[in-house]
Amino acid sequence: MLDSNYFKFSNSVLFAPILFVLTIWVVYWMELKYSVNLNIYGVYPRTISGLRGIVFSPFIHGSLEHLYNNTIPVTVLMAALFYFYNGIGVRVLIFGMILSGLITWLIGRPSFHIGASGMIYVLASFIFFKGIFSKYYRLVALSLLVVFIYGSLLWYVFPIEKGISWEGHLGGFISGLCLAIFIKRELPKPKKYVWENDDYNEEADPFLRQFDEDGNFIESSETHVDEGSNDIEVRYHFKKNDESSTQ
């Protein structure tokens, strides 16, 4: 099958990231306009009320800088998800949000964990590992591109900076890896040439018959086939170099 049947532009490539980004910006605007703090709706580890943050935390941000830093990566990665994995994009988002939120809830410090960075790690991890596992050249190239652009994100799954939810990052990274393993998607099959088929017969090939077993060309002015044969008749004409002529 052709790549165009698998990798094609659709409305979801634009609609999904725009809807997500619009939502997180509207939520932050509402916090400023009405002077409310929605951080209490983030993931608070190992508490019943903290479970609601699994759904709400990706849409809540602590500052304008926090919001801005998450906007571009989540837009790019979500658009790539829906373009290259259009059949499973929604499942990756839903299961990624739930799984990464649960991991954060289990291992996180006693604090409210908020922000879309967990989803960024889900998307980056899924796209990278899914492409590597597929061994399909376009998806592998996408994986390498993700590493080139966002490879530095890997450091933030470790507690190297205060005020950053490395637990949420680690949860997103693990979730993306798990989803890459368990969510299956059919891949385009590479085009096979005639000589790659198992039933290919080299001796019946009209072109290869013009060469001997050592690969040397068999010089003959004409090559005929038996009557009644379905093989193609191939004629060759040769012009010898004139020894008296100059090169």
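**Figure 1. Confidence along the chain of this predicted model.** Mean pLDDT, the predictor's confidence in each residue from 0 to 100, is 84 for the chain, and 74% of its residues reach 70 or more. Over residues 221–225 the value stays under 50, and for that stretch the model has ten contacts (heavy atoms within 4.5 Å) beyond four places in sequence. Where pLDDT is low, the predicted coordinates should not be read in detail. Some housekeeping for every panel: residues are numbered from 1 along each chain as its sequence is written, and side-chain values use heavy atoms, with hydrogens and water left out. Local features need pLDDT of at least 70 and side-chain atom pairs count only at pLDDT 80 or more, while totals for chains, interfaces and linings use all residues.

**Figure 2. Close-up of Leu179 in helix H7.** Helices here are DSSP runs (H or I, at least four residues), numbered from the N terminus, and H7 covers residues 166–182. Leu179 has 8% relative accessibility, so it counts as buried (under 20% relative accessible area; exposed is over 50%, partly exposed in between, with a 1.4 Å probe and protein chains only). Leave aside the neighbours within four places in sequence, and Leu179 is in contact with Val92, Phe95, Gly96, Val122 and Phe126. The C-alpha atoms of Leu179 and Leu123 are separated by 9.9 Å, although these residues sit 56 residues apart along the chain.

**Figure 3. Close-up of His169, also found in helix H7.** His169 counts as buried because its relative accessibility is 7%. Not counting residues up to four places away in sequence, His169 touches Ser117, Tyr121, Tyr156, Val157 and Ile164.

**Figure 4. Aromatic pairs, with Phe20 and Phe59 up front.** Rings of Phe, Tyr and Trp (its six-membered ring) pair if their centres lie within 6.5 Å; planes under 30 degrees apart count as stacked, over 60 as edge-to-face and the rest as tilted. The count by this rule is nine aromatic pairs. Phe20 and Phe59 make a tilted one, at 5.3 Å centre to centre with 45° between the planes. This pair links distant parts of the chain, 39 residues apart: Phe20 belongs to helix H1 (residues 11–34), and Phe59 to the loop between helix H2 (53–56) and helix H3 (64–84). Phe20 is buried, at a relative accessible area of 10%.

**Figure 5. The edge-to-face pair of Tyr41 and Phe56.** Their ring centres are 6.1 Å apart and their planes meet at 85°, hence the edge-to-face label. Tyr41 lies in the loop between H1 and H2 and Phe56 in helix H2, so the pair ties together parts that are 15 residues apart in sequence. Tyr41 counts as partly exposed at 32% relative accessibility, and Phe56 counts as partly exposed at 42%.

**Figure 6. One aromatic cluster, made of four Phe residues.** Its members are Phe128, Phe129, Phe133 and Phe173.

**Figure 7. Lining of the largest cavity.** A cavity is a set of points on a 1 Å grid over the protein atoms alone where a 1.4 Å probe fits but cannot get out; lining residues have an atom within 4 Å of a point. Searching the whole structure turns up two cavities of 30 Å³ or more, and the largest has a volume of about 160 Å³. Its lining has 17 residues, with Ser57, Thr104, Gly115, Gly118 and Gly168 nearest the centre. Helix H4 (89–107), helix H5 (117–134) and H7 each supply at least two lining residues, and H4 gives the largest share, four residues.

Terms used
On a 1 Å grid over the protein atoms alone, a cavity is a set of points where a 1.4 Å probe fits but cannot get out, and a pocket is an open set with protein on both sides within 12 Å along at least five of seven lines; lining residues have an atom within 4 Å of a point. Grid points are joined across faces, edges and corners, and a volume is the space filled by probe spheres set on the points.
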